[in-house]
Amino acid sequence: MTTSKARITALITPVARDAQDEAGALAREGRTSKAVSRLRKDSGLGLHPATAALDLLLEGRVLPTSYEQALDALRDECPELVGELTVLLHHDDRNGAIKLLRERTDMDLAGGYHLVETLTARLGAA
């Protein structure tokens, strides 16, 4: 069983489609640890979020392949967090937004930065 934090991180971290396909195939062959390693290598996910990502793939879910898709997933899964991030960005506090995102998820610094930048760009276009 995976934690909610790890699951959210898995849902909002882009993973290339070929890595998702390969990890799913490896898991179906019973090579779970190799499948988790493949996801980690492609995405930079930690062990627990990568395990959660594999669980999601085996449930038939598709993971995001871009930060645009990741932001859509975050809006679906945690709309209140997106609201809090939006308030911070309206106050020109990108660092605070990245910090909050990382506190609420297991996302790494680079991923947090890119996701916040994607939200910033979307807010600018709104």
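## Close-up views of a predicted helical model

**View 1. Surroundings of Thr120 in helix α8.** Once neighbours within four places in sequence are set aside, Thr120 is in contact with Leu89 and Arg94. The model shown here and in the views that follow is a predicted one. Thr120 belongs to helix α8, and its relative accessibility of 17% places Thr120 among the buried residues, because buried means under 20%.

**View 2. Leu71 of helix α5 and its partners distant in sequence.** Leu71 is part of helix α5, and with a relative accessible area of 1% Leu71 is buried. When neighbours within four places in sequence are left aside, the residues in contact with Leu71 are Leu115, Thr118, Leu119 and Arg122. For one of these partners, Leu119, the C-alpha to C-alpha distance from Leu71 is 7.0 Å, although 48 residues separate Leu71 and Leu119 in sequence.

**View 3. The salt bridge between Arg122 and Glu68.** The side chains of Arg122 and Glu68 form a salt bridge, with an N to O distance of 2.6 Å. Because Arg122 lies in helix α8 (residues 109–125) and Glu68 in helix α5 (residues 67–77), the pair ties together parts of the chain that are 54 residues apart in sequence. Both ends of the bridge are partly exposed, Arg122 having a relative accessible area of 22% and Glu68 one of 40%. Arg122 is also one of the residues in contact with Leu71.

**View 4. Packing of helix α2 against helix α3.** The axes of α2 and α3 are 7 Å apart, and the two helices pack at an angle of about 170°. Since angles over 145 degrees count as roughly antiparallel, α2 and α3 are roughly antiparallel to each other. On the α2 side the contact is made by Asp18, Ala19, Gln20, Glu22, Ala23, Leu26 and Ala27, and on the α3 side by Thr32, Lys34, Ala35, Arg38, Leu39 and Asp42. Sorted by class, the residues of this contact comprise six nonpolar, two polar and five charged ones.

**View 5. A network of salt bridges involving Arg38.** Side chains of opposite charge can pair when their charged atoms come close. In this view, Asp18, Glu22, Arg38 and Asp42 are linked in a network of salt bridges. Within the network, the side chains of Glu22 and Arg38 meet in a salt bridge with an N to O distance of 3.0 Å. That pair links distant parts of the chain, with Glu22 in helix α2 and Arg38 in helix α3, 16 residues apart. Arg38 also forms a salt bridge with Asp42, for which the closest N and O atoms are 4.0 Å apart. Because Asp42 and Arg38 are four residues apart in helix α3, about one helical turn separates them. An α-helix has 3.6 residues a turn, so residues three or four places apart point the same way. Arg38 is buried, with a relative accessible area of 16%, whereas Glu22, at 39% relative accessibility, counts as partly exposed, and Asp42, at 31% relative accessibility, likewise counts as partly exposed. The model has a count of 12 salt bridges.

**View 6. Helix α4 and the elements that cover its buried residues.** Helix α4 (residues 47–58) has 12 residues, which at 1.5 Å a residue should span 16 Å, and the 17 Å between its end C-alpha atoms agrees with that expectation. The buried residues in α4 are Pro49, Ala50, Ala52, Ala53, Leu54, Leu56 and Leu57. What covers them includes α1 (4–11), α2 (17–28) and α3 (32–43). After α4 comes Gly60, which has a positive phi, near 95°.

**View 7. Asp92 in the loop between α6 and α7.** Asp92 is located in the loop between α6 (79–90) and α7 (94–104). The phi of Asp92 is positive, about 55°, although Asp92 is not a glycine. With a relative accessibility of 65%, Asp92 counts as exposed.

**View 8. Lys41 of helix α3 and its separation from Arg102.** Lys41 is located in helix α3, and at 71% relative accessibility Lys41 counts as exposed. Between Lys41 and Arg102 the C-alpha to C-alpha distance is 20 Å, and the two residues are 61 residues apart in sequence.

Conventions: Residues numbered from 1 in each chain as written. Predicted model: local features only at pLDDT ≥ 70, side-chain atom pairs only at ≥ 80, totals over all residues. Heavy atoms only, no water. Expected span 1.5 Å × (residues − 1). Buried < 20%, exposed > 50% of the residue type's maximum accessible area, 1.4 Å probe, protein only. Contact = heavy atoms within 4.5 Å. Axes fitted to C-alpha atoms, helices over the stretch in contact; angles between N-to-C directions. Parallel < 35°, antiparallel > 145°, perpendicular 65-115°, else oblique. Nonpolar A, V, L, I, M, F, W, Y, C, P; charged D, E, K, R; others polar.
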